[in-house]
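Q: Could you take a close look at one part of this model for me, starting with a spot on the surface and working out from there? I'd like one connected walk-through.

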Amino acid sequence: MPSSAGIQSIRLEIIGGNNLQVPSWRQSAGIYISINVDSRRHWKSAISVLSSDESVAWGDTVTLPQTSPALSVEIWASFELDRMLGNGEIIAKLQISWNELLDNGDEPFTVRGVMPSLTLKAAVINTCDIQDGTLFDSIVDCEIAQATDAGHARYAEYRTSKMVSYLNDAIERFQLARLEGYIRNDLQDIDTTISLFCEARAVHIHESLQLCCKLLLICPEGTYLRSLGADSEVNYAIGECNDLPVDVSDEGIRLQRVVLELCPLGQKYRPKTLHKLSKLLITRFRQWGSIDDIDESIRLRREAVFLCPKGHSDCGTYLNDLASSLESRFNHQGKSHDLDEVISLHEEALLLRPVWHRKRDFSVGNLGGALRTRFNKRGDIKDIARAISLYREALILHPPGHPRRDTMLNNLALALTTRYGKMRVIEDLNEAIDLYRESLRLTQLDDPQRYATLGNLSSALGSRFTRTQKHEDVEEAIRLCQESLVALPSLHPDRCLIYWWLQVAYLSRYQMEHNPGDLSLAVNNFRLASGHPTQGFPRRIKTTLNWVHETKSHQHESALEAYKVCLELFDNHVMTRSSIISRREAATDFAGAQSLPGRGQQWSLASRLRTPLEELKSASLQLAQTLADLRTHLSDAQSSTGSTDRAAADRAATDYRRLTRQWEAAVAEIRNIRGFSRFLLSSSYTELQAAARHGPVIILIAREPHHVHFPRITLADLKKLKNDFAKEIRQASFMHAKEPRKDLRVLLRTVWDHIMLPIVNVLQRDLKLQRRSRIWLCPTAAFTSIPLHAAHPFRTKADYSGKEPCLEDLYICSYTPTPSALIRARQMMKTRVTQSFAAIGQSKPGVGQGMVLATVDSELELVHTLVPPEIEFTSLSGDEATQAGSLNALQCNNWVHLACHGKQDRKQPYNSRFAMKDKPLTLLDIMEKDIPHAEFAFLSACHTAAGDEKTPDEVIHLAAGLHFSGFKSVIGTLWAVDDAVAKHVVEAFYEKMFEGSKDGGIMDCTKAAQVLNHATDAVKMKVPLEQRIVFIHIGV
């Protein structure tokens, strides 16, 4: 090696670098090298783009004087595409002595032992070979560089968080930088620079996109002009547009849609463009709450995942993004399958990020959050235990000094607080409070997310107060929540959470100190949380259910308001579901919803699509036709949303919501017409009174007694009675027909003495209701499984003058799902059509649908002989009694008799079914048909009026389905029917029904209840008790 004493200068070639990572993971414009020359000067290489393998190639050369004992090199990440207003972010520093540098002669060598590594080449040159000082730039003014770097850092945070305050802060930092003297004799105004930074590039890209669209129109694929470079111009514009700041304005999203149109399948930028558009939509959703935005973002992100090759570095990001969108929709709508898919996607992403992966901490934290959410939903302790384990790993991956450690502390504390709510282990709560406090110490006072940790700490302190009764805990909890509210605008989504925490704190203090002011403050926060427009219906419903519970517990005057709000939210939430089955799932999704004072909500919601339009036609034929068309489209949309393909189901749900909005707009217009102000609204009390025009409607409520008290029976007794009936009916099916049903008679006597006798006393004493009048029973909850119509004293009168009368001796009993259903059925009786009768029977159903029914064919023949000959009669049996054939017969005839196997599906009542030759005729099949001319149906099949135990108030069974579809009068069965003995009831019924019709009279379905009463009495010597009372009448 030459003697250093003779060295004048060194020519240094910067060849390249490897393992280059930006510490903050910000997206840089490129990497450059800075070499300190002396106290006044430094040299900067060109900015080179970082490759996907984290390497950079420069090839720049500089001649350096040997003014210090070693070479001092810095590697920087730049965040500007053109000349630098600031230094950027430093990646690494290294020093190497001149001797070590020259030991390799003229060969390139790699400086190892540091991360990253550099490849250099050095050579000695003579003094005469040194050029003038134009290679060296003066050191940038320190304050300018620092202010500019701070602006870039804030801007990067804005792009990640979308918080406008970060953007404003970035611009303020740029304004601090003064350009005088920054670039030699080239003065610029800072506003011009900001304009170039924030606006000019966007304008340029907008213009480029417009030109690209025109270019592609005149340069089709495969043409000579296309090969000259059109594709490269398009790729440039797409890449530049994808790098623009997030702009969730209508124009910003429109621009990104244009970009997507320039990226057909196979275009290399399509995945990134899908990602960018989905990011804009999910950001807009979080600001405005439009569910269409989140559905579209899910669709786009599904495609991005599908297009990303396995093993690609972006796979984990795309999986996490899709999971994030699905989780947002779950939080908004509460669809459980979304949450399961979220966890599956996070699991898949975590597998792509092993322990050494630089983004593993993100996947670990995301999966932990999803598991905590599922625990809150389903209560499986394994989920929260694993979530805590994952959060502890994430905390290890963020050691002290890491910029995101405060977030990891908050997440772990939140999981521990969640587990405390289930397990009540005070150590979890104490650790959580300590972690929250540590997180707050690490969080800047002006951090926009600080309020979340304040709120979480407040919640934990409130929980500890209820456990330890330390007054300082609840005082601090309230103060922290109030501090959080000050930091948030009025429509910030997370204000809802803080309202929740505040009501918890106030209620906790009220329960200890009994200050009415605290209860009022708690109620006010319930009111604010349940009405916050940024939240989805599930969260608001849960809040309101708690409001209902607390107002009942503390006898607060807002109880009625809470019920009203809850029912409205529940109604709106269920209507967001696009299929009948998904609406039931939504209705059963909330603990405590069964206690709401509502009934038959799903029938009421579905009936909105079945409202007759004759009166509307006379007022506005155009609106009536619009509504009829929308009704058809909505009905079709409902049947297309059950796809197992999640992407297809999402698209169908989006279409359904679009149609729903059009429906609501049309209905709003109709309500502006005179006389139609209450069109499709729930019936008012005055309107409901019309249901009792032909006899009282008795609503039995299995909760607190109201009006007619049942002093001798409790809710627990009622539930036991329901179970005893089910047990006794099963036992009776194995008994001989002549064997007395002693235990069943005891149960029916209990129903009479404890339930129906108090009602009969009111009917006779207060209402003066005449004997043999009609009454309608409208049971709720546990009452729905009890044969109320069969209540019987089975006693001799005190004076021994005869038997005490039973309920059916006194009155003609019918059932109705709701008073509104009875009103609708009567309104639809106004239209009369030519009468026809169809008898449908299946004695030999398809495989797996049940055994042979020996008497079905003879029952159909019997019915045929009893129907008046002038009535058009159709018989469907054997191979003709298929699912489609039976459904067609239901639609084409207004009187129907069905004799076949019936099956109530207790897990999914909409799959309850009649057994046919090929496949079952389900309740869902029937509900999807509108049969307004239908009048009467006799269901001689098992379980056709057995309710759904999970949602008994919804009255979801086959008989109710036919009633909803248009049959005004229906006879159904509460349990299994013996077809051999049921034939006697059928014969007695039709003999009486058509007694006066042989001479040309019309068939009158309003007589069905009275005729059934006669028939069951007429066969009491032939048919055992349980087979007589199995039949009930529903409707007019």
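**A surface patch and its surroundings**

A: Let's start on the outside: Ile 381, Met 423 and Val 425 make up a nonpolar surface patch, and together they offer about 220 Å² of accessible area. Keep in mind that this is a predicted model. Ile 381 belongs to helix 12, which covers residues 381-396. With a relative accessible area of 33%, Ile 381 counts as partly exposed, because that label covers values between 20% and 50%. So Ile 381 also clears the patch cut-off, which asks for over 30%.

For a contrast, hop over to Gln 1027. This residue sits in helix 37 (residues 1025-1028). Gln 1027 is buried, at a relative accessible area of 8%, and buried here means under 20%. What does its side chain reach? The side chain of Gln 1027 gets to the backbone oxygen of Ala 976, at 3.2 Å. Setting aside neighbours within four places in sequence, the contacts of Gln 1027 are Ala 976, Val 977, Asp 978, Val 981 and Val 985. Ala 976 therefore turns up twice, as the owner of that backbone oxygen and as one of the contacts.

Now for some strands. Strand 1 (residues 9-18) and strand 8 (residues 117-125) run antiparallel and are joined by nine bridges. Within that pairing, Ile 10 stands opposite Val 124 of strand 8. Strand 8 is also joined to strand 7 (residues 109-111), again antiparallel, through three bridges. There, Val 111 has Leu 118 of strand 8 as its bridge partner.

Further along comes a little story of edges. Strands 16, 17 and 18 form an open sheet in the order 16-17-18, with antiparallel pairing. Strand 16 (902-903) and strand 18 (921-922) are at the edges with a single partner strand each, so one side of each has no neighbour in the sheet. Strand 17 (residues 913-914) connects to strand 18 by two bridges, running antiparallel. In that pair, Arg 913 faces Thr 922 of strand 18.

Stepping back to the whole protein chain, there are 37 helices and 21 strands. The chain has 1036 residues, and 52% of them count as buried, Gln 1027 being buried too. Among contacts with a separation of 6 or more, 70% come from residues 24 or more positions apart. As for the outside, the chain exposes about 48700 Å², with carbon and sulfur atoms supplying 52% of that.

Methods:
Residues numbered from 1 in each chain as written. Predicted model: local features only at pLDDT ≥ 70, side-chain atom pairs only at ≥ 80, totals over all residues. Heavy atoms only, no water. Patch = residues over 30% accessible without salt bridge, like charges linked within 9 Å, V, L, I, M, F, W, Y side chains within 5 Å. Areas by Shrake-Rupley, 256 points an atom, 1.4 Å probe, with all protein chains shown as cover. Salt bridge = Lys/Arg side-chain N within 4 Å of Asp/Glu carboxyl O. Helix = DSSP H or I, 4+ residues; strand = E, 2+ residues; numbered from the N terminus. Buried < 20%, exposed > 50% of the residue type's maximum accessible area, 1.4 Å probe, protein only. Polar contact = N/O pair within 3.5 Å; in protein donor to acceptor, adjacent residues only side chain to side chain. Contact = heavy atoms within 4.5 Å. Pairing = 2+ DSSP bridges.
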